[in-house]
Amino acid sequence: MDYLKLAIDEARKCIPTPTAFCVGCVLTVTYPPTSSPMILSRGYSRELPGNTHAEANALSKARQLPQDQLDTLFPGAPRPVDINVILAHADIYTTMEPCSVRTSGLAPCADAVIAARIKRCFIGVGEPDDFVHCEGARKLKDAGVEVIWVNALEQECLEVARMGRQM
């Protein structure tokens, strides 16, 4: 639950907009598998240029880590450290269900999580039908990603997601 609280902190960094949610994400990894989890990257909605989403931003930032930083973060990993291998050992904590539909034409976050071979997705709240009908959790499950709902923070995740919006 601590990582989801950090994801809420990321979501609070979002500049609210009436046409999108404020979502935060934390990407953790346990590699080698016997090690303790560590934060690989964080992201929030609209953090990077374009109409970007939290999960896509966290994944993009992880993929942009320089090779020397990856080597330092994962001293026991075979060289050179392959970010795709690392991501296959990662968990993603997101304040809202990863989107399955994008009205902007960009790829849905659920697809990005699946493509990265993330093993588990911890979700704070399901995406309300404010903009689109989301089936991100189902899409993840169908692809073999373990989906874990963190119900204890559902209300806080929803409140942050709707920051600056009248409901």
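## Helix, strand and charge: worked exercises

Arg138 and Asp142 sit four residues apart in helix 6 (residues 136–142), so about one helical turn separates them. Helices here are DSSP runs of H or I with at least four residues, strands are runs of E with at least two, and both are numbered from the N terminus. The model is predicted, so local features need pLDDT of at least 70 and side-chain atom pairs count only at pLDDT 80 or more, while totals for chains, interfaces and linings use all residues. Residues are numbered from 1 along each chain as its sequence is written, and side-chain values use heavy atoms, leaving out hydrogens and water.

### Exercise 1: a pair within a helix

Find how the side chains of Arg138 and Asp142 meet, and say how exposed each residue is.

*Step 1.* Start with the rule: a salt bridge needs a side-chain nitrogen of Lys or Arg within 4 Å of a carboxyl oxygen of Asp or Glu. Arg138 and Asp142 form one, at 2.7 Å from N to O.

*Step 2.* Think about direction. An α-helix has 3.6 residues a turn, so residues three or four places apart point the same way.

*Step 3.* Now check accessibility (buried is under 20% relative accessible area, exposed over 50%, partly exposed in between, with a 1.4 Å probe and protein chains only). Arg138 is partly exposed at 44%, and Asp142 is exposed at 58%.

### Exercise 2: a pair across the chain

Work out which parts of the chain the salt bridge between Arg42 and Glu10 ties together.

*Step 1.* The two side chains meet at 4.0 Å, N to O.

*Step 2.* Arg42 belongs to strand 2 and Glu10 to helix 1 (residues 2–11), so the bridge ties together parts 32 residues apart in sequence.

*Step 3.* Compare their surroundings: Arg42 is partly exposed at 29%, whereas Glu10 is buried at 3%.

*Step 4.* Look for further partners. Glu10, Lys13 and Arg42 are linked in a network of salt bridges.

### Exercise 3: the neighbours of strand 1

Determine which strands pair with strand 1 (residues 24–29), and in what sense.

*Step 1.* Two strands pair if DSSP finds at least two bridges between them. Strand 1 runs antiparallel to strand 2 (residues 38–44), with six bridges joining them. With strand 3 (residues 90–94), strand 1 has five bridges, again in the antiparallel sense.

*Step 2.* Follow Val26 as an example. Its bridge partner in strand 2 is Arg42, and in strand 3 Val26 stands opposite Tyr93.

*Step 3.* Look at both faces. Gly24, Val26 and Thr28 point one way, and Cys25, Leu27 and Val29 the other; all of them are buried.

### Exercise 4: a buried charge

Is Glu97 buried or exposed, and what does its side chain reach?

*Step 1.* Place the residue: Glu97 is in the loop between strand 3 and helix 5.

*Step 2.* Glu97 is buried and has no salt bridge; the nearest side chain of opposite charge is Arg138, 8.0 Å away. For charge, Lys and Arg count as positive and Asp and Glu as negative, with His and the chain ends not counted.

*Step 3.* Instead of a charged partner, look at the backbone: the side chain of Glu97 reaches the nitrogen of Ala137 at 2.9 Å.

*Step 4.* List some contacts (heavy atoms within 4.5 Å). Not counting residues up to four places away in sequence, Glu97 touches several residues, including Glu55, Ile123, Ala137 and Trp149.

Conventions:
Polar contact = N/O pair within 3.5 Å; in protein donor to acceptor, adjacent residues only side chain to side chain.
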